[in-house]
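Trainee: I have this model open, and I'd like a close look at one part of it, its sheets and whatever sits against them. Please take me through it slowly, since I'm still new to reading structures.

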Amino acid sequence: MKKKVLCSLLAVMLTVSCTSGIYAAEEEESAETGEETGAEMPAAKEEFVLGYTCPTLNNPFFVGMMEGAEKAAEERGVTLTMLGGDNDVTKQVQQVEDFISQGMDAIIVQTVDTTGIVTAIESANDAGIPVFTTAELPTGGDIQCAISFDSYESGYNGGTYIAGVLEEKGTVIELQGVMGQETSREKSRGFQEAIAEYPDIEILASQTANYDRAEAMTVMENLLQSFDNIDAVYAANDEMALGAAQAIEAAGKSDDIFVMGNDGTDEALEAIADGTLGATNGTPGYIQGYIAVDVAVRYLNGEEVPSVINEKNTVIDESNLSQADQILKAVSPEDWYWLDQF
């Protein structure tokens with residue numbers, strides 16, 4: 001019952017954190033030539049080498065980010081080294097130090113810890129290497145451009161969407177990420193503040209599963225034992241949503257509990273198609289990685305780039321599932337919405 005979502009709800013929740021940047025038909029010619037819009041492929045003027053460290057490459061979201069970054073690097077003729085930090089900021093600091101010693105032309109960081117990474121960023125600053133960030137903004141150091149995703153907005157959108165699905169009354173479980181990370185804390189804060197606007201919805205439990213599918217399955221199994229009536233589950237990433245859905249299916253309650261994830265991974269989209277998941281908040285890691293490399297190359301080519309670029313997020317459910325590829329992976333010149341922010 002709760003897996004059927006009104007199409008009108010989608011219209012409310014197709015939220016973006018910036019303007020769409022999709023060019024109108026009359027602008028297509030200028031998009032091809034680069035006139036006015038600036039939407040031309042910024043081929044590197046030199047043989048630039050870029051280093052990129054992200055929290056982990058054991059998560060589909062960051063694998064997608066790597067693929068987007070690699071596509072941008074290949075198109076622009078630059079060399080990219082992308083590493084995962086195993087969710088350990090100490091390892092990420094060492095990776096940045098290694099990038100510095102290797103003489104990278106630019107360094108891109110999506111950090112595990114916005115405070116713990118600062119010393120490494122300052123070292124890059126001292127070495128004269130420009131630093132770009134995706135997702136969270138570190139608490140210190142000089143950042144040339146922050147490709148910024150609003151984690152609070154993501155959580156808030158999830159809470160508002162679920163409230164609509166439940167017709168503003170019911171019970172909800174929240175599965176949180178790694179609570180030592182700002183992303184996780186902000187998603188949780190956004191979700192909880194959204195739900196607080198609906199007095200007839202109760203959050204039964206907010207529990208971490210550390211963005212891990214197996215852990216989420218175990219946590220959900222325990223919660224199903226603790227609570228007889230659960231109407232919905234919000235998970236801060238798709239891996240946890242899929243783990244929760246496994247536990248719910250094993251308990252024979254798939255028809256009774258609506259499950260929503262966050263990220264828009266391929267497996268989550270498949271799960272929406274087969275009814276295992278109800279929705280995901282698409283936060284395109286693929287496009288995020290692509291933007292980071294694109295902006296870094298533009299800066300190295302001598303272009304002036306903005307200090308902040310705001311990313312999009314879009315709820316995906318069965319009503320717009322056919323558009324998911326465009327939402328999550330569209331990086332042709334006519335889709336470069338971030339240039340509107342230059």
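Mentor: Sure, let's begin with an open sheet of six strands, in the order β2-β1-β3-β4-β5-β11, where the pairing is parallel. Keep in mind as we go that this is a predicted model. Find the two ends of that row: β2 (79-84) and β11 (308-310) are the edge strands, and each of them has a pairing partner on one side only. Now look along the row, and you'll see a turn of 15 degrees on average between neighbouring strands, direction ignored.

Zoom in on the β11 end. There, β5 (residues 145-148) pairs with β11 in the parallel sense, over three bridges. If you want a landmark, pick Ile-147, which stands opposite Ile-309 in β11.

Then swing round to the β2 end, where a helix comes in. Helix α4 lies across β1 (49-54), β2 and β3 (106-109), and it runs at about 175 degrees to β1. That helix has a helical partner too: α4 (residues 89-101) and α5 (residues 118-126) pack with their axes 9 Å apart, at an angle of about 10 degrees. Angles under 35 degrees count as roughly parallel, so α4 and α5 are roughly parallel to each other. Try showing the side chains where they touch. On the α4 side you'll find Val-93, Val-96, Glu-97 and Ile-100, and they meet Thr-119, Ala-120, Ser-123 and Ala-124 of α5. Sorted by class, this α4 and α5 contact has five nonpolar residues, two polar ones and one charged one.

Now for another sheet. It is also open and has six strands, this time in the order β7-β6-β8-β9-β10-β12, but here the pairing is mixed. Its edge strands are β7 (201-208) and β12 (314-317), each pairing on one side only. From one strand to the next, the twist averages 20 degrees.

Let's stop at β8, because you can follow its pairing on both sides. Towards β6, the two strands pair in the parallel sense over four bridges, and Ile-173 stands opposite Val-233 in β8. Towards β9, three bridges join β8 (residues 232-235) to β9 (residues 258-263), and these strands run parallel as well. One of the matches to look for is Ala-232, whose bridge partner in β9 is Phe-258. What about the faces of β8? Ala-232 and Tyr-234 are buried on one side, Val-233 and Ala-235 are buried on the other, and that leaves both faces covered.

Next, turn on the helices around this sheet. Helix α9 (residues 238-250) lies across β6, β8, β9 and β10, at about 160 degrees to β9. Helix α6 (residues 151-165) lies across β6 (170-176), β7, β8, β9, β10 (279-282) and β12, and α6 also runs at about 160 degrees to β9.

Stay with α6 for a moment, and look at its neighbour α7 (residues 182-195). The two helices pack at an angle of about 35 degrees, with their axes 6 Å apart, and α6 passes α7 in a right-handed crossing. Among the α6 residues in this contact are Ser-151, Tyr-152, Gly-155, Gly-158 and Gly-159, while the α7 side includes Glu-186, Lys-187, Arg-189, Gly-190 and Phe-191. The class tally for α6 with α7 is six nonpolar, eight polar and four charged residues.

Finally, follow the chain from α6 into the loop that leads to β6, where you'll meet Glu-167 and Glu-168. As background, most residues other than glycine have a negative phi. Glu-167, though, has a positive phi near 55 degrees, and Glu-168 has a positive one near 70 degrees. How open are they? Glu-167 has 62% relative accessibility, so it counts as exposed. Glu-168, with a relative accessible area of 46%, is partly exposed.

So, when you go back to the picture, try tracing the parallel sheet from β2 to β11, then the mixed one from β7 to β12, and finish at the loop with Glu-167.

How values were computed. Residues numbered from 1 in each chain as written. Predicted model: local features only at pLDDT ≥ 70, side-chain atom pairs only at ≥ 80, totals over all residues. Heavy atoms only, no water. Pairing = 2+ DSSP bridges. Axes fitted to C-alpha atoms, helices over the stretch in contact; angles between N-to-C directions. Contact = heavy atoms within 4.5 Å. Parallel < 35°, antiparallel > 145°, perpendicular 65-115°, else oblique. Nonpolar A, V, L, I, M, F, W, Y, C, P; charged D, E, K, R; others polar. Left-handed = near helix turned anticlockwise from the far one by under 90°. Buried < 20%, exposed > 50% of the residue type's maximum accessible area, 1.4 Å probe, protein only.
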